[in-house]
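Colleague: Thanks for sharing this one with me. Could we go through how the two chains meet, and what each label rests on?
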Number of protein chains: 2
Amino acid sequence: MTNDAVTLAGALADRSAWRANRCPIGRALEVVGTRSAMLIMREAYYGTTRFDDFATRVGISEAVAAARLRDLTDAGLLERRPYRDSGQRTRHEYRLTDKGTALAPVVLGLFEWGAKYVSPTGRPPVDLSHADCGAAVQVVVKCERDHDVALNEVIVSPPPRRH
Amino acid sequence: MTNDAVTLAGALADRSAWRANRCPIGRALEVVGTRSAMLIMREAYYGTTRFDDFATRVGISEAVAAARLRDLTDAGLLERRPYRDSGQRTRHEYRLTDKGTALAPVVLGLFEWGAKYVSPTGRPPVDLSHADCGAAVQVVVKCERDHDVALNEVIVSPPPRRH
């Protein structure tokens, strides 16, 4: 066993006896498991709302942008709303929903990991800070009692039966 | 502007004047931007080390498992080491590196988001708890002064110049 793994408890302890068939990670990746989907969410977090801006800033074709924006809208991460600039025809913009905003820890986690482990400089190209106090922003794994939790301090167990 | 977006500051404030060309999120996704790569990392966190177990538990073909394990090993998230069961020929197992373990907040973030927003029950199929105190484990966005940070409280600014 590697020392970095979680501890599997109870009925999960024998890994050969079960498979992660209903895995929420797998379900999440059915929705946001492509590079372009994640980068469109990044753009939405940056405040991008318009079709042309998504395509240009992510660096994908209009066809791919259209398909991905439709997927993300159908899945409820973005909401399509009409708008009209003066003298122009009605167009649509894409706004974040609560479901879309709730994915931010994943995208911020990719930002941190990519900056530290994949970027040639080992440093992020932009700073993320907290508006209220100016301190650096980070993604952390904590328990509800506010302890930092390393991966090998996580216990994975079957949920209590619900009656 | 949507209220849920970050605030772009300084030279980044005019979004039309820059693009995220050196984006760490994009770089991260070049390494772990496929569903099978993320699910292999999930399995490594569960303690899976052997080729057959990765393929079976992720539910992918041996060819895909081999390609993905090679990618993740080449990228430094897993390390390939020889082992030998008694009476068998030498085989290889895949162990987590620090770089691989450091991706855990992303995978745990997908778990949380998928359980809440994509799973039919809205509940995780397994419980994650802290070995030391038993409290539930969660992925959170915090600042270094330990404040919770919502997405619309993040300021994205150019890093200070380094001399």
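Colleague: How many salt bridges are there between chain B and chain A?

Modeller: Happy to help! This is a predicted model, and the count between chain B and chain A is 4 salt bridges.

Colleague: What makes the K142(A) and D146(B) pair a salt bridge?

Modeller: The cut-off for a Lys nitrogen and an Asp carboxyl oxygen is 4 Å. The side chains of K142(A) and D146(B) come to 3.7 Å, N to O, so the pair is within the limit and earns the name.

Colleague: And which helix gives the most to the side of chain B that touches chain A?

Modeller: That is helix α6 of chain B, residues 104-117, with 12 residues. The residues on that side of chain B divide into 55 nonpolar, 17 polar and 23 charged.

Colleague: Why are β6 of chain A and β4 of chain B called paired strands?

Modeller: Pairing takes at least two bridges. Strand β6 of chain A (residues 154-157) and strand β4 of chain B (residues 127-130) have 4 bridges, in the antiparallel sense, so they qualify as a pair. As one example, V154(A) has H130(B) as its bridge partner.

Colleague: What is the area buried between chain B and chain A?

Modeller: About 9000 Å², with carbon and sulfur atoms giving 65% of that area. In chain B, the residues that lose the most area to chain A are Y46(B), R57(B) and W113(B), together 8% of what that side buries.

Colleague: Why quote an area at all?

Modeller: Because the size of an interface is often given as the accessible area lost when the parts come together.

Conventions
Residues are numbered from 1 along each chain as its sequence is written. Chains are lettered from A and ligands numbered from 1 in the order in which they are written. This is a predicted model: local features need pLDDT of at least 70, side-chain atom pairs count only at pLDDT 80 or more; totals for chains, interfaces and linings use all residues. Side-chain values use heavy atoms; hydrogens and water are left out. Buried area is the accessible area (1.4 Å probe) that two parts lose on being put together, summed over both. Helices (H or I, at least four residues) and strands (E, at least two) are DSSP runs, numbered from the N terminus. Ala, Val, Leu, Ile, Met, Phe, Trp, Tyr, Cys and Pro count as nonpolar, Asp, Glu, Lys and Arg as charged, and the others, Gly among them, as polar.
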